[in-house]
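Please open the model in your viewer and keep the selection tool at hand. The tour moves from one selection to the next and says what is found at each stop.

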Amino acid sequence: MAHATAVEMAEGLRKGRLDPVNLTEEVFARITAHGDDAIYIEKMQDRAMAEAQAARLRWQAGLPASPLDGVPMAWKDLFDLRGRVTTAGAVVTKNDPPAAQDAPVVATAHRAGLVTTGTVNMTEFAYSGIGLNPHYGTPRNVHSPKGQTRAPGGSSSASGVVVSAGIVPLSMGSDTGGSVRIPASFNGVVGYKTSAGRHPMAGVFPLAQSLDTIGPLAHTVADCALFDAVLRGRDAPDAQAADPATLNFVIPDDVLLDALAPNVAANFDATVARLEAAGARVRRIALPQLREIIDLMSRHGFLAGAEALTIHKDRVYGPDAARMDARVVARILQAEEMNAVDLLILQQARVRLMATTAAAIGDAIVLCPTTATTAMDIGPLEADQDVFFRHNGLTLRNTSLGNFLDWCGVSIPNGTDTDGMPTGFLMSAPTGHDTRLMAAALGCEEIIRG
């Protein structure tokens, strides 16, 4: 069942063609066969087999806990799982006390019968869009050309790789500035960033609580929609596939299309043309608020930076800093120059700009490339911090603007570049419009993929 979707597995389980225990055994066989030790920070085979055995009994009794009962999945290692230390991709956390209980969203998944295979790698403390990790290794992007090692995207790096490699069909990530949608784009899978408040954030190691959200990475939009529904106590998604001919899309003419790699631009234009040919209405609009956000950040700093410095102040000013990723430390310390006035200006502007952009967009869905480039070779990024930060800023640009505005978003693969590296197509909507966004994504996925 390598590369099978979660929906396909669920259907096989429902019809009795598949068995949860066998599915779970196959996952651990695939982990071994794949051979990349940087994907899982901790494999949890005992827990997984116990959950799979329980799922088998429920299916045999005709009493499944949910449509996804028995489907294997992975968690980014910033979700609390009872009895283990939540690393958040760091080694300085290893002496922290083990989690007393599962994070609420993990507990909900457990009650729904999803099988936890373990926790997967990430950028340390979730603070990069590239996905490098000097402590646990950097997961290999399976699309890398022969002889190259391309970035997996961050910060939910292994959450993208573990799905793209066909090891599990679902992995839960977090997204503060693009950390679900970027690895989805780089790895050629689907990533869904939910609106703030859609799922509980308790028991999820924070980066910037005003911006942090969570969301799944999977093979298809339908997988993400069903997983999201199950975590909200439903047996089916609220969203139904929309007819593309009924949909309105807008493409902001500022910022989001700047500095695109040629293949990214060509794939985006071709995708838009396919949507228009299917009857969708696509308009180019002015959205100067996006440029205003970038100007605000250049003058006053980043919300995520101020909040990250608050969380990690003792670490970056103490002996732990020497055991942290130097790139993460440098990025956190950038917030030293911010003051209370800067923070208030950003917070007040955010409220205003969320309202004005929502009014400008109306009932349309915003379209743009998920990332301005495809996954880059990690060698130069590891060798030169200036090169790393330049690529990191460009990689995060489109998605982080959505986080500032709390847009929900879905990244869908829409082709490859000349090296065979995936490109991503991002659909976004104002906060709280997840159902409308998912309906559009369900209805347009095949068109977007081409």
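Begin by selecting α10 and α11, whose crossing is left-handed; what you have on screen is a predicted model, and this should be kept in mind at every stop. Helix α10 covers residues 303-316 and helix α11 covers residues 326-333, and the two pack at an angle of about 120° with their axes 8 Å apart. Since angles of 65 to 115 degrees count as roughly perpendicular and those over 145 as roughly antiparallel, α10 and α11 are therefore oblique to each other.

Now show the side chains where these two helices touch. From α10, select G305, A308, L309, H312 and V316, which meet V329, I332 and L333 of α11. Sorted by class, the residues in this contact of α10 with α11 are six nonpolar and two polar, with no charged residues.

Keep α11 in view and add helix α14, which is made up of residues 385-404. Here α11 and α14 pack at an angle of about 65°, and their axes lie 11 Å apart. When you turn the view to look through this pair, you will be looking at a right-handed crossing of α11 with α14, whereas the crossing of α10 and α11 is left-handed.

For the contact itself, select A326, R327, A330 and R331 in α11, together with Q385, F388, F389, N392 and L396 in α14, which they meet. This contact of α11 with α14 contains five nonpolar, two polar and two charged residues.

Within that selection, zoom in on R327 and F388. Which face does R327 lie over? R327 lies over the face of F388, at 5.3 Å from the ring centre. While rings are on display, you may also wish to look through the rest of the model for aromatic pairs, of which the structure holds four.

The last stops are in a loop, so move the view to the stretch between β3 (115-120) and α5 (157-164), where S155 lies. Select G154 along with S155, and look at the peptide bond that runs from G154 to S155, which is cis, with omega near 5°.

Finally, select A126, which is also found in the loop between β3 and α5. The backbone angle to check at A126 is phi, which is near 65°, a positive value in a residue other than glycine.

Methods. Residues are numbered from 1 along each chain as its sequence is written. This is a predicted model: local features need pLDDT of at least 70, side-chain atom pairs count only at pLDDT 80 or more; totals for chains, interfaces and linings use all residues. Side-chain values use heavy atoms; hydrogens and water are left out. Rings of Phe, Tyr and Trp (its six-membered ring) pair if their centres lie within 6.5 Å; planes under 30 degrees apart count as stacked, over 60 as edge-to-face and the rest as tilted. A charge sits over a ring if NZ of Lys or CZ of Arg is within 6 Å of the ring centre and within 35 degrees of the ring normal. Axes are lines fitted to C-alpha atoms, for helices over the stretch in contact, and angles run from 0 to 180 degrees between N-to-C directions. Helices (H or I, at least four residues) and strands (E, at least two) are DSSP runs, numbered from the N terminus. Angles under 35 degrees count as roughly parallel, over 145 as roughly antiparallel, 65 to 115 as roughly perpendicular and the rest as oblique. A crossing is left-handed if the near helix is turned anticlockwise from the far one by less than a right angle, and right-handed if clockwise. Contact means heavy atoms within 4.5 Å. Ala, Val, Leu, Ile, Met, Phe, Trp, Tyr, Cys and Pro count as nonpolar, Asp, Glu, Lys and Arg as charged, and the others, Gly among them, as polar.
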